[in-house]
Amino acid sequence: MAAMSDDMQDEIRQKVISRLTEVGQCTSENIENAMYSKIYFLENLLDIREYVRQMEYMEGSYRETESEKRRSDCMKRRKFKMDNKIEVIGIDHGWSGMKTVHEVFISGCKEISTEPAFTENLLEFGGKYYKIGSRRLEVKDTKVTDENYYMLTLAAMAKELKIRNRKTAHVLLAVGLPLTRFGDEKKDFVSYLSKKKEVSFTFEKEKYHIFIENVCVYPQCYAAVIDRIDKFPKKQLVVDIGSWTVDIMPIINHLPDESVCVTQPHGIITCIQQINKECVRQLNAEVDEYDIQKVMVNGGGDLPEKYQEIIIKEIRGYCQQIYHNIR
């Protein structure tokens, strides 16, 4: 009877007291025992049919209400998923460049003390201004030692969401780490990128409101070939030459042989450094990294021939070194 309304319980109590008085058994103990029993046990004291009908009606209404609530909750969840579709954004946090599926930009981030005149690649976050791109950051032991790569991540998400015509989004970040440093650095990188589950900022005068739903970290090199690894021969060597590291991953029977995987600190930046060392030694002048990369990509550029000769020679030497390391 505990499920009945207070008014209904008071009405039954008065009838129980009246009936127990008639039979000479009206004691406090008998009254309490009757009131704490199920309604069906009181049929010897009063007509319970009307109360049973009311209880059945109430239970039916309750079940109907619960069913409607479940349907409503289901519709709300479905609408939430439709309105808040999770955007999967893959980002390659390189020491030279930041890459998404649609965007590539230099891994440069510089705080500016006052509001700049130009808003291109301008990030506003936490009351500060940051210029994104331009000159790349200096290489450090990890990317989580300062806020620079967090700012670059915000810029990368903004660039990608702009293409998708989204300003508010629930985002799953898919990122990578060097193959053999994956286990050591994964936890810190996830914490670094997900330290703010909800973040608001402005990029190029457009306001963004982002919810970080999850951060998934994958081993570099392997992530680049996972979609075609089943088509490889039984024995294959995969080499991922990045900005700072070179990942070497043998594939045996379509699976990485992690016991012999290697990550070497001989990426493209080391080649650029060697080129400029030779330019200074021979010509007493350095070449801008942008011009060196143009030669790397196009095989030529606007540089004087004597600089191009040094650049091409050092690139060939670098390639021979990489080939020697993987033999």
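What percentage of the 327 residues of the protein chain count as buried? The figure is 38%. Keep in mind that this is a predicted model.

**Whole chain**

Start with the cartoon view. The protein chain has nine helices and 13 strands. Now show the surface. Its accessible area comes to about 20300 Å², and 50% of that belongs to carbon and sulfur atoms. Then turn to contacts. Take those between residues at least 6 apart in sequence: 61% of them join residues at least 24 apart.

**Strand E1**

Select residues 86–93, which form strand E1. Show the side chains. In a regular strand, side chains alternate between the two faces of the sheet. E1 displays this alternation. Glu87, Ile89, Ile91 and His93 point to one face, and these four are buried. Ile86, Val88, Gly90 and Asp92 point to the other face and are not buried.

**Partner E7**

Next, add residues 168–177, strand E7. In which sense do E1 and E7 pair, parallel or antiparallel? They run parallel, with six bridges between them. Pick out Ile91, one of the buried residues of E1. Its bridge partner in E7 is Val175.

**Partner E2**

Now add residues 97–99, strand E2. Here the pairing with E1 is antiparallel, over two bridges. Select Asp92 of E1, on the face that is not buried. Opposite Asp92 stands Lys99 in E2. Finally, trace the backbone from E1 into E2. How many residues make the hairpin connection? Three residues join E1 to E2.

**Last view**

Keep E1, E7 and E2 on screen together. E1 pairs with E7 in the parallel sense and with E2 in the antiparallel sense.

Methods
Residues numbered from 1 in each chain as written. Predicted model: local features only at pLDDT ≥ 70, side-chain atom pairs only at ≥ 80, totals over all residues. Heavy atoms only, no water. Buried < 20%, exposed > 50% of the residue type's maximum accessible area, 1.4 Å probe, protein only. Pairing = 2+ DSSP bridges. Contact = heavy atoms within 4.5 Å. Areas by Shrake-Rupley, 256 points an atom, 1.4 Å probe, with all protein chains shown as cover.
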